[in-house]
Amino acid sequence: MQPNDTLTVSALTDQIKGTLESTFSNVFVEGEIGQINMHRSGHVYFSLKDEDARIDGVIWRSTVARLTYRPNAGDHIVVFGRLSVYAPHGSYKLVVSRLEPAGLGRLQAAFEACKQRLMAEGLFSEAHKKVLPFLPKGVGVITSATGAARRDIESVLHRRAPQVPIYLYPANVQGPQSVHELIAGLKVLDQDPNVEVIIIGRGGGSLEDLWSFNDEALARTIFECATPVVSAVGHETDTTISDLVADLRAPTPSAAAELVVPSRDDLLFMFNEIDERLHRAITQKLRRTKESVLSFATLLRRGVELDSRKLELSRLSNQLDRMGHSRVSFGTLKL
């Protein structure tokens, strides 16, 4: 007897397809490449396996063209992709959109997890970014005492602003002790009243070399600093958690030094321009004031002359009046 809920093969496959493709739409899978076939169509078909299982995968031609890493049989890799069910064969495979060597894959996954966690807490928000001082009275630098980054930073700072002192906190920038030393350097320089901006960083390297700057504790220390922090880790193409949480990210250590102090020559040129503008403004103001005073003096002189003439006219008028009275009196006496 056939139950009422009997499914056709197609219906069952559709349900499986819907469940698998929705549940495993974005997955990271780690394993060793077994067979691999670079098809003439441009697609790459391969199998991914471990000790107990195997899954087939495909990299479509459009994705292959974007790959910076081309895998070979036996490589231990991490792939990111989705499951796809092919109904006619009742099979499924992994459609890959990204892949990389397994060690890098684990680090990248850890980086993304930390990044998302700190972003959700607002540590990367522009609202928390502090403004760098225009001309700091002191620059703190946290980097390797013997690295190229130190030489680059100090060279640029001495060239641009030799009057600004540098406070170096030497620290390992990779290895097991590096995070502890970088955090200690931040705390020491943040409490120094002579330090008004801090540069933390190192030169270029691999993802593993730069990994200390992806540490969550270091990121939180940068965020809590009262002093503005500039992160200068690696090259322009490298991005670390420290870059994201710092008040300003510099593409290189040299660029960081360029950003934290203005050029002395530029300042002198600006001051000379300001001095010339002030001189011109004062000269023009004095000239206009002098013209106003002279004009007012002319008006005053005219006013004084007019008053003097009025007085002379009044005196003469009085004389005429007295003379007229005298003649009238003399004529009267004669009669």
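**Exercise 1. Which residue in E5 is the bridge partner of Val58? Place the answer in its sheet.**

The model is predicted, so local features need pLDDT of at least 70 and side-chain atom pairs count only at pLDDT 80 or more, while totals for chains, interfaces and linings use all residues. Residues are numbered from 1 along each chain as its sequence is written, and side-chain values use heavy atoms, with hydrogens and water left out.

Step 1. In E5, Val58 has Val95 as its bridge partner. Strands here are DSSP runs (E, at least two residues), as helices are (H or I, at least four), and both are numbered from the N terminus; two strands count as paired if DSSP finds at least two bridges between them.

Step 2. E3 and strand E5 (residues 91-101) pair in the parallel sense, over two bridges. On the other hand, strand E2 (residues 44-49) and strand E3 (residues 54-59) are antiparallel over six bridges, with Lys49 opposite Arg54 in E3 and a hairpin of four residues joining E2 to E3.

Step 3. Strand E1 (residues 27-38) pairs with strand E4 (residues 76-86) in the antiparallel sense over six bridges, and Val29 has Val79 in E4 as its bridge partner.

Step 4. Five strands thus listed in the order E1-E2-E3-E5-E4 close into a barrel with mixed pairing. From one strand to the next the twist averages 55°, where axes are lines fitted to C-alpha atoms (for helices over the stretch in contact) and angles run from 0 to 180 degrees between N-to-C directions.

**Exercise 2. Describe the open sheet and its edges.**

Step 1. The order is E7-E6-E8-E9-E10, five strands in an open sheet with parallel pairing.

Step 2. Strand E7 (166-170) and strand E10 (248-249) each have a single partner strand and stand at the edges, so one side of each is left without a neighbour in the sheet.

Step 3. At the E7 edge, strand E6 (residues 139-143) runs parallel to E7 and is joined to E7 by five bridges; Ile142 stands opposite Tyr169 there.

**Exercise 3. Locate the enclosed and open spaces.**

Step 1. On a 1 Å grid over the protein atoms alone, a cavity is a set of points where a 1.4 Å probe fits but cannot get out, whereas a pocket is an open set with protein on both sides within 12 Å along at least five of seven lines, and lining residues have an atom within 4 Å of a point. Grid points are joined across faces, edges and corners, and a volume is the space filled by probe spheres set on the points.

Step 2. Two cavities of 30 Å³ or more are found in the whole structure. The largest cavity holds about 50 Å³, and its lining includes Leu123, His128, Phe223 and Asp247.

Step 3. The second largest pocket holds about 170 Å³; of the 13 residues that line this pocket, the closest to its centre are Val29, Leu48, Ala53, Arg54 and Ile55.

Step 4. To this lining E1, E2 and E3 each supply at least two residues, and E1 gives the most, with four.
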